[in-house]
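Me: I would like a close look at a single part of this structure, taken slowly enough for a first-year student. Please treat one helix and the elements packed around that helix.

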Amino acid sequence: MVQLSDAEWIVMNLIWSEGPIEAATVIEQLADGNEWSAATVKTMLHRLVRKGALSAEQSGKKYIYK
């Protein structure tokens, strides 16, 4: 069972509601409202991939999370 922090749940809920989503869109939608830097959001995305909660695929210079 994957353990998620409250912040990681916020990221997951956005991705579940939006479907496959670019990292830039996740940052845009979450960074300001939560007072998170872009680096913080990227760190959470990478952590969620390592935990197996998300998958990521690279499309050119963009990363798509699902």
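Reply: One definition is needed before the rest: an angle between two axes counts as roughly parallel under 35 degrees, roughly antiparallel over 145, roughly perpendicular from 65 to 115, and oblique otherwise. The model discussed here is predicted.

The part in question is helix α2, which covers residues 23-30. Its buried residues include A23, V26, I27 and L30. These residues lie on the same side of α2, because the arc they cover around the axis is only 100°. The general background is that an α-helix has 3.6 residues a turn, so residues three or four places apart point the same way.

What do the buried residues of α2 pack against? Their partners are two helices, α1 (6-18) and α3 (38-51), and two strands, β1 (21-22) and β3 (62-65). The two helices can be taken in turn. A pair of packed helices is described by the angle between the axes and the distance between the axes.

Take α1 first. The axes of α1 and α2 are 11 Å apart, and the packing angle is about 120°. An angle of that value falls outside the roughly perpendicular range of 65 to 115 and is not over 145, and α1 and α2 are therefore oblique to each other. Their crossing is right-handed. On the α1 side the contact is made by I10, V11, L14, I15 and E18, and on the α2 side by V26, Q29 and L30. Sorted by class, this contact of α1 with α2 has six nonpolar residues, one polar and one charged.

Now take α3. Here the axes of α2 and α3 cross at roughly 125° and come within 9 Å. That angle makes α2 oblique to α3. The crossing of α2 and α3 is right-handed. From α2, the residues A23, V26 and I27 take part, and they meet A38, V41, K42 and L45 of α3. By class, the contact of α2 with α3 has six nonpolar residues, no polar ones and one charged.

V26 of α2 appears in both lists: V26 is part of the contact with α1 and of the contact with α3.

A last point concerns T43, a residue of helix α3. Is T43 buried, partly exposed or exposed? T43 counts as partly exposed because its relative accessibility is 40%, and the partly exposed class lies between the cut-offs of 20% and 50%. T43 and E22 are 21 residues apart along the chain, and 14 Å separates their C-alpha atoms.

Technical notes: Residues are numbered from 1 along each chain as its sequence is written. This is a predicted model: local features need pLDDT of at least 70, side-chain atom pairs count only at pLDDT 80 or more; totals for chains, interfaces and linings use all residues. Side-chain values use heavy atoms; hydrogens and water are left out. Buried means under 20% relative accessible area, exposed over 50%, partly exposed in between (1.4 Å probe, protein chains only). Helices (H or I, at least four residues) and strands (E, at least two) are DSSP runs, numbered from the N terminus. The arc is that of the directions from the helix axis to the C-beta atoms. Contact means heavy atoms within 4.5 Å. Axes are lines fitted to C-alpha atoms, for helices over the stretch in contact, and angles run from 0 to 180 degrees between N-to-C directions. A crossing is left-handed if the near helix is turned anticlockwise from the far one by less than a right angle, and right-handed if clockwise. Ala, Val, Leu, Ile, Met, Phe, Trp, Tyr, Cys and Pro count as nonpolar, Asp, Glu, Lys and Arg as charged, and the others, Gly among them, as polar.
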